[in-house]
Structure formats: C-alpha cells, structure tokens
Amino acid sequence: MSQNKVVLAFSGGLDTSFCVPYLMGKGYEVHTLFVNTGGVNAEKCQQIEKRALQLGAKQHWQVDAQQMLWQEIITPLVWGNSKYQGQYPLLCADRYLIAKESIKLCQQLGTNIVAHGCTGMGNDQVRFDISIKALGDYIILSPIRDIQQQVKDVRNYEIKYLHDKGFETSTEHKKYSINENLLGVTISGCEIDQWQEPQDDTYVLTNHYHDFPQQSQKLTLDFVKGEVVAVNGQKMAGVEIMQLLNKTLGQYGVGRSIYTGDTVIGLKGRIVFEAPALFGLIKAHQAIEEVVLTQWQNQFKPQVADKWTELVYKGFYFDPLCNDLHQFLASTQAHVNGTVELLIYAGQMQVVAVNSSAILSSKDASYAQSASWGIEEAVGFIQLYGNSTAIWSKVKQEQQEQEGTA
C-alpha cells in the first residue's frame, strides 16, 4: 500500500485547486479525479483536466457518472416522491458517487489515502467522510479544514497561496457559489445567505417569470416499473430525459425554489435551487402511483420514502438501512406502468391525464356514481365502521347524565 499517493476529488474550483499544491507541499503524489455528474460539457471537462495538470497533479482521471446518477439516485428519489423536509430534492446526492469513485481509484492505485475540498462549515464534509468510512479503512485528508484552523479569511488565503506559487485563480461565480449536476442547480452566497431576495443573476436552469413562454405546452411521460422510459412517445436514456426536461420545464420556471431548513451540522441553511426535471418526474410519478397502489401502500410508503430521503441528505447513503428502504421502494413499483400527461404553463405544472392498465378501478362501481352493493349494505358498513366513535359518544352522554343527577 502506497504511503504517499492520494486521490483528490477534484472539481477545478478554488478549493480543490488549492488542495493540489498544498498536498504536494506535504509530500503527497496527487492524483486528481473528476466525477462528471452532469452540468458540464466536453470543453469544461477538458479545462478541468488541464487545470489539474497545470497545478501539478501526477495524473488526472475522469469518470462519467451521469447514468449512474440516474440509476442509483434519481430513480429511487422519484420512486419516493419525497423531498427533504418537504422542500429540497437532494441535489447534493451526487457526492456519494464521487466518494465511491474516489475509493475505486484508490484501490486501483494501491493507496488508502483520499482527499476532498470540503469546508468545516457545510454538509458535504459529513457526506464525504461518512461515505468514505462506510466504504473501507481509508485516511481522509481535508486541506480546507486544516487551514480553517489557522486563518479566518480562507478564500483570500487560498487565492494568495496559489498566486504566490504562480497560479491564476478564476473569478467565475465570484458572487455566488453555484453547483450544478444532472439533478439540478444550487446557488448560495451574497444576499441569499443574508435571507434577502435573490437577484436576477441567480437564474441558471429556469427562466425569469418575465420570460415565460406565452403558450402552454403538454408533455407525456411513459413509465415502466416506476421509471420514465419515454417523453412524448420517444424512448430515451435517463440522462437524456433529465437534460430534456430541465430545458423544457425550465423555460416555464418549473422547479425553482428557495430552501430554508435545518442542515446536518445544526445550522439554519438557505439556498436557491432549480430542479425542473425532478419536479416534473415526481409530479407525474406520484399521479400514476397513487392510482395503482393500494390505499395501505399509499399511506405507508411515504414514511419509508421520507426516511430514505433523510438518510441520503444527512450522509448515510451507504448505511444498510438506506439500502433496505431502497429495496422496499423498488418492490412497490412493479405495477407503476403507464402514461402521464402534464400541462405546463407560466411557472405551473398540472397532471391532466393518467392512462394505465393497472389503475385500481372496478367495472362494478364508480365513486359517487354507481355501486354493486345495496343501500342496506352501505348503511350497515357505516354503522360498523363508525361504531367506536358512536360507543364513545353514548358512554360520554351517560356519564354526563349520571353527573347531572348526582
């Protein structure tokens, strides 16, 4: 096992750029790894590789994990119809694939040392560290947390450190911290962190409401076992579906929101996020699922989905319970087959039609219209169904009468 090779999860941003020469200064042979989970084109990938090698990386590695993200994160997320605290659709979940691929590269290179550029104030450090520990016995290096123990203005310290070593720093996204992948985009910083109204330049995937299309649009989504396989009748891979829906629904402002809630480390957090495709998929999936599952499945399943979502948000994607819950969600999707039609207009999205051979409908009865049972059976059912409440009322009345004559 190598004692000086380190795999650095690398994005090309300021923090991970700082990590390369910093780790080299500590005597490590740095191997950078960029895990592409979407939101970057081929040119950007080349720029990231060039940046890593210019900084001194021994070798740069790249993995396209977009389809993996669809299969391992997006699909169960849609199955669950769940958002963290009812608001946030886990746009952070690609971190688990980055951690997993980093460990794979460690094994390939014969080292047990892995590094990341997370700060000591955010959620991602929790996700990375817990994941790495769940995947084996590895040494975790976190240069940004190291320097945070020494300096207050970390950003300017990093810029000066790189400048002193002859490296330029990008001014990209200087005002905001923007993180984009196939799931969507998160934007933080500046007035967002100060609980003020986000400015117009925080729009990335969605149109500003002034720019919504005048005409509405309809989309049909085909589901097979709870997974979308076609849009408007055209079969597509998961990555293509996400890209198409992010673009189409984003034009109408669908999926843009502000998440305010509790972070893993106990602080109140606030971010702007955009997830057009996810919002569309969840809306459509829930519409078809609720008519093909039994009432008991529909009542219980959200508890499982909410727990899976909580575990993923809080860093426990590789915990056995998360897998157990995943298997349950998968088992509920056997008959979630059919087509859903969405109407999109001016920031709104509505399910207008559902077609499935698995809809739990009866030829002999229709709600509030017709039934295969008689009036006497209905009255008898109601009497037994409400028997407990009726008995409670009778006993309560008798007690009051006794107290009144006492």
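**Buried and exposed sites in a predicted model**

Thr309 is buried in this predicted model, with a relative accessible area of 2%. The residue belongs to helix α10, which runs over residues 295-314. Once neighbours within four places in sequence are left aside, the contacts of Thr309 are with Ser82, Lys83, Tyr84 and Leu90.

A second buried site is Ala65, whose relative accessible area is 0%. Rather than sitting in a helix or strand, Ala65 is placed in the loop between β3 (59-64) and α3. Residues up to four places away in sequence not counted, Ala65 touches Val35, Asn36, Thr37 and Leu97. One of these partners, Val35, can be followed into strand β2, which spans residues 29-36. For a sense of scale, the C-alpha atoms of Ala65 and His285 are separated by 24 Å, and the two residues are 220 residues apart along the chain.

Strand β2 also leads to the start of the chain, where strand β1 covers residues 5-9. The two strands pair in the parallel sense, over 5 bridges. Within this pairing, Lys5 stands opposite Glu29 of β2. Strand β1 is mostly covered, as 4 of its 5 residues are buried.

Helix α8 offers a further view of the interior. This helix takes in residues 238-250, 13 residues in number, and reaches 17 Å from its first C-alpha to its last. That span is close to the 18 Å expected at 1.5 Å a residue. Its buried residues are Gly238, Val239, Ile241, Met242, Leu245, Asn246, Thr248, Leu249 and Gly250. In an α-helix there are 3.6 residues a turn, so residues three or four places apart point the same way. Among the buried positions of α8 are Ile241, Leu245 and Leu249. The cover over the buried residues of α8 includes both helices and strands: α3 (66-80) and α9 (276-292) contribute, together with β8 (217-224), β9 (227-231), β13 (338-345) and β14 (348-355). Helix α3, part of this cover, is also the helix that follows the loop of Ala65.

The surface provides a contrast. Here Met121, Ile265 and Leu267 form a nonpolar patch, with about 280 Å² of accessible area together. Leu267 lies in the loop between β11 (256-262) and β12 (268-274). Because its relative accessibility is 48%, Leu267 counts as partly exposed, a class that lies between buried, under 20%, and exposed, over 50%.

Note on methods
Residues numbered from 1 in each chain as written. Predicted model: local features only at pLDDT ≥ 70, side-chain atom pairs only at ≥ 80, totals over all residues. Heavy atoms only, no water. Patch = residues over 30% accessible without salt bridge, like charges linked within 9 Å, V, L, I, M, F, W, Y side chains within 5 Å. Areas by Shrake-Rupley, 256 points an atom, 1.4 Å probe, with all protein chains shown as cover. Salt bridge = Lys/Arg side-chain N within 4 Å of Asp/Glu carboxyl O. Buried < 20%, exposed > 50% of the residue type's maximum accessible area, 1.4 Å probe, protein only. Contact = heavy atoms within 4.5 Å. Expected span 1.5 Å × (residues − 1). Pairing = 2+ DSSP bridges.
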